[in-house]
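Me: Got a two-chain structure open here. Can you walk me through it?

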Amino acid sequence: MKELVVLSGKGGTGKTSLVAAFAALAERKVLADCDVDAADLHLILRPKILRVEAFEGRRRARIVADRCTACGVCAEYCRSGAIACHPSGNEAVAKTYRVDPLACEGCGVCGLVCPSRAVEFGSGRDGGWYLSETRHGPMVHARLDPGGENSGKLVTLVRKRARELAEERHLDLLVVDGSPGIGCPVIASVAGTDLILGVAEPTLSSQHDLGRLAGLAAHFRIRMVVCLNRADLNPEIASTVERWCRARGIRVVGRIPYDPVFDRAQMQRKSVVEVGDGPAARALRDVWQATLAALETPE
Amino acid sequence: MRIVFASGKGGTGKTILATNLASVLADQDHAVTYLDCDVEAPNGHIFLKPVIASREPVAILVPEVDEVRCTRCGRCGDFCPSHAIVCLGNAVLTFPELCHGCGGCALVCPEKAIRETPRTIGEVARGASGSIRFVEGRLQIGQPMSPPIIRAVKRHLPRTGIAILDAPPGTACPMVETVRDADIVLLVTEPTVFGLHDLTLAVEAVRKVGVPFAVALNRVGSGGDGVQRYCAHANIPVLLQVPEDRRIAEVYSRGDLVAQHIPGFDGRMTDLFARLRAAVRS
């Protein structure tokens, strides 16, 4: 089985629109949405959810106010800045300490250092993941609760389930929609994948962030190809990006023009290749063919 | 006054608005500090073109085991929730790239065999762009954890004047870390299906954090009116609407400030600031 992950560094360059088009064009595949804290692919593919599972990101600390003596040792040792003094106390002391559940990383150090055993840990639900059927085949997706922790763990879980699903159904391709950035969820989505498709646009911002993504791909020794979206927005920068890619042995698999059809398709909850056969749709077909060729022929 | 530009969806225009607002306010003699907290993909420097005066590494503390003192009791591994230190028979292995730097292993070690050593995961650059104070965090490529870098950037928040923070996209911990203790968060979105959906997630996140927020709508005319209807229904003020305009995208593409090239944009930024200030006061 081959696995493709679509990334960009900079957000909003068109990852999900591309993956939606690939969903319509690719055969015998499983889709996975690994942009777990702002998942959008389901808005186009309108999945029928077959199975829902809870996701437990990590445990969280809670200070039992009745036992807290307000000594402050926990706050001193907490390196996440998650513990703060709270003005309302208990019978013994005028103030106590409290844990901000959004900042708590669940490391457990506060529990270790508390002389009054006032810290308890509860496992928190941080979201859920879904196994679904779409008009373009099976899909695994997820929702990290807003403000939720440990997106990397959820990404790893989604990819694992998607791979299992592909094996069960004897499908030989996994297409993954990734997150912007180059941090925790992106690293979790590239580990052991076959190919990264970097979606760039001809802007200095996107060029800069693509450079960081290429650095990440090199760091983890993962092959990358690039396509340019809204390529005609600035032809000069488009050429610079392409030259930059070639100089680093990164294949450019196509240019997609700036076209309001992207917004129109989204409003109809369809992918660009499903609403017509204009220049953007044709370019997307070419990009898909070239990406597939890169996936199937190792360099 | 701390203003954070955030969004659920990426690429909706956080950096355009943050850098243009910073520039317009600085031209009006306000004391402005711009802090780029999008440490995975920091782009503010492209538009503000700062002169960087200093770069400081940001490190987390990771364990180093004294093999002589260590009795292989395994308590460090039992404690570590990130599986960054493991005791296997006769060896203790550490995986610094998994370590969150909580310091728990050193605390539980009965032999005091664990020493914590700094491991660089990124840097904070500081400088100036005209009269704008500029602070940027940058996660080192290959490192997963951005919150410690964001915390390091926020240590340079000014005590007075206007602080403009550019947040990372999404609704997970890096976004939460940036919007905490904001006076107001401006959620930048676009009128597309994705823009609306991710706005609702971002609203959920800032509500959990408990900070005041409002919406800025970019590229008006490119989608439907779903965002306006949602905001009206949820009683969320829309403080700015920028029309879909290819010229803005072109100015942006070459790294220029829109306010310096498109007439009227500076006025929009001035109005936005007045509305932000009024929203903070109420």
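Reply: Sure. Bear in mind that this is a predicted model. A good place to begin is A:Ala281, which is found in helix H10 (residues 279-296) of chain A.

Me: Is A:Ala281 buried or exposed?
Reply: Buried. A:Ala281 has 21 C-beta neighbours inside 10 Å, and the cut-off for buried is 20 or more.

Me: What is A:Ala281 in contact with, leaving aside its neighbours within four places in sequence?
Reply: A:Val272, A:Val273 and A:Gly276.

Me: And how far apart in space are A:Ala281 and A:Ala103?
Reply: They are 44 Å apart, C-alpha to C-alpha. In sequence, 178 residues separate A:Ala281 from A:Ala103.

Me: Back to the helix. Which strands does H10(A) touch?
Reply: Let me set up the sheet before that. Chain A has an open sheet of nine strands with mixed pairing, in the order S3-S6-S7-S2-S8-S1-S9-S10-S11. Strand S3 (48-63) and strand S11 (251-255) of chain A are at the edges. Each has a single partner strand, so one side of each has no neighbour in the sheet. From one strand to the next, the twist averages 20°.

Me: How do S1 and S9 of chain A pair?
Reply: Parallel, over four bridges. Strand S1 of chain A covers residues 2-7, and strand S9 of chain A covers residues 195-200. A:Leu4 stands opposite A:Leu195 in S9(A).

Now your helix. H10(A) packs on the sheet and touches S1, S9, strand S10 (224-228) and S11 of chain A. The direction of H10(A) makes about 160° with that of S11(A).

Me: What does helix H5 of chain A lie across?
Reply: Strand S2 (29-33), S3, strand S6 (119-134), strand S7 (137-144) and strand S8 (173-177) of chain A. Helix H5 (residues 151-168) runs at about 165° to S7(A).

Me: Where is A:Gly124?
Reply: In strand S6 of chain A. A:Gly124 is partly exposed, with 19 other C-beta atoms within 10 Å.

Me: What is A:Gly124 in contact with, beyond four places in sequence?
Reply: A:Glu56, A:Gly57, A:Arg58, A:Arg59 and A:Arg60. A:Gly124 and A:Arg59 are 5.5 Å apart, C-alpha to C-alpha. In sequence they are 65 residues apart.

Me: Switching chains. What is the strand order in the sheet of chain B?
Reply: S3-S6-S7-S2-S8-S1-S9-S10-S11, in an open sheet of nine strands with mixed pairing. Strand S3 (51-65) and strand S11 (238-243) of chain B stand at the edges. Each pairs with a single strand, so one side of each lacks a neighbour in the sheet. The twist averages 20° from one strand to the next.

Me: How many bridges join S10(B) to S11(B)?
Reply: Four, and the two strands run parallel. Strand S10 of chain B covers residues 213-220. B:Val215 has B:Val238 in S11(B) as its bridge partner.

Me: Which strands does helix H7 of chain B touch?
Reply: S1, S9 and S10 of chain B. Helix H7 (residues 193-209) packs on the sheet, and its direction makes about 165° with that of S9(B).

Me: How many residues of chain B are in contact with chain A?
Reply: 52, and they contact 52 residues of chain A. Helix H4 (104-108), helix H6 (173-179), H7 and helix H9 (246-253) of chain B each supply at least two residues of that side.

Me: Which of them gives the most?
Reply: H7(B), with nine residues.

Me: What about the residue types there?
Reply: The side of chain B that touches chain A divides into 23 nonpolar, 21 polar and eight charged residues.

Terms used: Residues are numbered from 1 along each chain as its sequence is written. Chains are lettered from A and ligands numbered from 1 in the order in which they are written. This is a predicted model: local features need pLDDT of at least 70, side-chain atom pairs count only at pLDDT 80 or more; totals for chains, interfaces and linings use all residues. Two strands pair if DSSP finds at least two bridges between them. Axes are lines fitted to C-alpha atoms, for helices over the stretch in contact, and angles run from 0 to 180 degrees between N-to-C directions. Two residues are in contact if their C-beta atoms, placed from the backbone, lie within 7 Å. Ala, Val, Leu, Ile, Met, Phe, Trp, Tyr, Cys and Pro count as nonpolar, Asp, Glu, Lys and Arg as charged, and the others, Gly among them, as polar. A residue is buried if 20 or more other C-beta atoms lie within 10 Å of its own, exposed if 12 or fewer, and partly exposed in between; C-beta atoms are placed from the backbone.
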